[in-house]
Amino acid sequence: MVQTQSLSTLTICGSVQVYSSWRNRVKLEKSSGLIGDRCVSCQFLRRSSSSSFLRSHWKSLKQRNMMRVEARWPFQGGDQGLDPNSERSESANEDILIFFFQLDLATRVQCALNMEQYDIAQQLREKLTEVEEEAIRLQELKRGSSSKSEAQDKGISIIRLRADLQNAIDGEDYGLAAKLRDEISKLEAESLAVSAKALAFENAEYAFRLGQKLKHKAFGYRAVVCGMDPVCCESSSWMEAAEVEKLPRGSNQPFYQVLVDVRTHPDLLVAYVPEDNLLAPEKPDKERFDHPYISFLFYGADTAGDFIPIQQLREKYNKPRHEVPFDSQDED
């Protein structure tokens, strides 16, 4: 019940149609009986970019003095010469939005069934299936499930090339043998890389957990973890712009999708941050934290001030519920 109420604060109007590529665009279609014209999601999905609308939305709120913008961290960028926007991630934002669409469509299907609107429920269920299939495809691509099969395919190719290499040597065609040997070496390197990525996702260890409040070491902003990868899954151009290779552990470390407090950084929203750049507070952080995604990703805050991820978010990352240790002094 708590989850349904939180979803209602950011409802999606109508049903979602997934194109061949999620990144191309999400189109909003109206379904009679379950539509409102004033919902927040409908507004930002009608714009050219969901994230750009949300950023402009928070700008307007700031201009109307609806929220207080606090002083910025005095040492932004540290020694890296970067600013917080260097870790902005549109792909992380899209990943969160598609997760929201899944939640909202599932809620609307149940709502239609409760109202005995079975035709609408079926239409919404079909749209939900499309979104889920696209989410699974992107998840597998990102997490290396497809890398396993790719590594297997490369292994088969290597076996065949080795057989061709032996035949070339037996036939004293040393020019062909040298060419095949180079091709085998290249495939072996590629196979090792994709296998390592798949293995990293299976054996990942994280220093931080979903819903935990953290602080950026260099930029000083407060953030909440809402997703995680065992290695950097962004593009090479993104990693170059963010100077990932200058980090102590480079790209081969956990990276976190984090929500950034919009009171201090209303233009950032979602960042993709390496573990090296995050720090857990020494004392529980119970201060106010504002972000438009909080209401549908978390049930609320626990006694330590961290946020409690909804069950679907924990299942997405295969994480158990975090139990706050009981402190008898809290009752005194």
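The legends below describe close-up views of a predicted model.

**View 1. Overview of the predicted model and its secondary structure.** The protein contains 10 helices and 9 strands, and buried residues account for 45% of its 332 residues. Among the contacts in the protein with a separation of 6 or more, 67% are made by residues 24 or more positions apart. The structure holds 0 disulfides. Two of the cysteines can be described by their surroundings: Cys-111, within the residue range of helix α4 (residues 90-114), is partly exposed because its relative accessible area is 33%, whereas Cys-226, within the residue range of strand β4 (residues 222-229), counts as buried because its relative accessibility is 2%.

**View 2. Helix α4 and the loop that follows it.** Helix α4 spans residues 90-114, a run of 25 residues, and from its first C-alpha to its last it reaches 36 Å, which is close to the 36 Å expected at 1.5 Å a residue. After the helix comes Glu-116, with a positive phi near 60°, a value that is found here in a residue other than glycine. Glu-116 is placed in the loop between α4 and α5, and with a relative accessibility of 57% this residue counts as exposed, because exposed means over 50%.

**View 3. The open sheet of five strands.** The sheet is open and is formed by 5 strands in the order β6-β5-β4-β3-β7, with antiparallel pairing. Its edge strands are β6 (270-274) and β7 (278-279), each of which pairs on one side only. Strand β3 (residues 213-216) is joined to strand β4 (residues 222-229) by 3 bridges, and the two strands run antiparallel; Leu-214 has Ala-223 as its bridge partner in β4. Strand β3 is also joined to β7, in this case by 2 bridges and again in an antiparallel arrangement, with Leu-279 of β7 as the bridge partner of Lys-215.

**View 4. Turns and loops that connect strands of the sheet.** The hairpin of β3 and β4 has 5 residues between the strands, and in this hairpin Gly-220 takes a positive phi near 80°. In the loop between β5 and β6 lies Leu-269, which has a positive phi of about 65° although this residue is not a glycine. Leu-269 is buried, because its relative accessible area of 2% falls under 20%. The loop between β6 and β7 holds Asp-276, which counts as buried because its relative accessibility of 15% is also under 20%. Residues up to four places away in sequence aside, Asp-276 touches Lys-217, Leu-247, Pro-248, Arg-249 and Gln-253.

**View 5. Helix α4 against the sheet, and the largest nonpolar core.** Helix α4 lies across β4, β5 (255-260) and β6, and runs at about 75° to β5. The largest nonpolar core has 50 residues, of which Val-258, Leu-259, Leu-297 and Phe-298 touch the most other members. At least two residues of this core are supplied by each of α4, α5 (118-143), β4, β5, β6 and α9 (294-297). Helix α4 gives the most to the core, contributing 11 residues.

**View 6. Phe-298 and the hairpin of β8 and β9.** Phe-298, one of the core residues that touch the most other members, falls within the residue range of strand β8 (residues 298-301), which is joined by 3 bridges to strand β9 (residues 307-309), the two running antiparallel. Within this pairing, Ala-301 has Phe-307 as its bridge partner in β9. The hairpin formed by β8 and β9 has 5 residues between the strands, and Gly-305 in the turn has a positive phi of about 95°. Leaving aside residues up to four places away in sequence, Phe-298 touches Gly-211, Val-224, Val-225, Cys-226, Leu-259, Phe-307, Ile-308, Pro-309, Ile-310 and Leu-313. Among these contacts, Cys-226 is the buried cysteine of View 1, at 2% relative accessibility, and Leu-259 is, like Phe-298, one of the residues that touch the most other members of the largest nonpolar core.

Notes:
Residues numbered from 1 in each chain as written. Predicted model: local features only at pLDDT ≥ 70, side-chain atom pairs only at ≥ 80, totals over all residues. Heavy atoms only, no water. Helix = DSSP H or I, 4+ residues; strand = E, 2+ residues; numbered from the N terminus. Expected span 1.5 Å × (residues − 1). Pairing = 2+ DSSP bridges. Contact = heavy atoms within 4.5 Å. Axes fitted to C-alpha atoms, helices over the stretch in contact; angles between N-to-C directions. Core = buried A, V, L, I, M, F, W, Y, C linked by side-chain atoms within 4.5 Å. Buried < 20%, exposed > 50% of the residue type's maximum accessible area, 1.4 Å probe, protein only. Disulfide = S-S within 2.5 Å.
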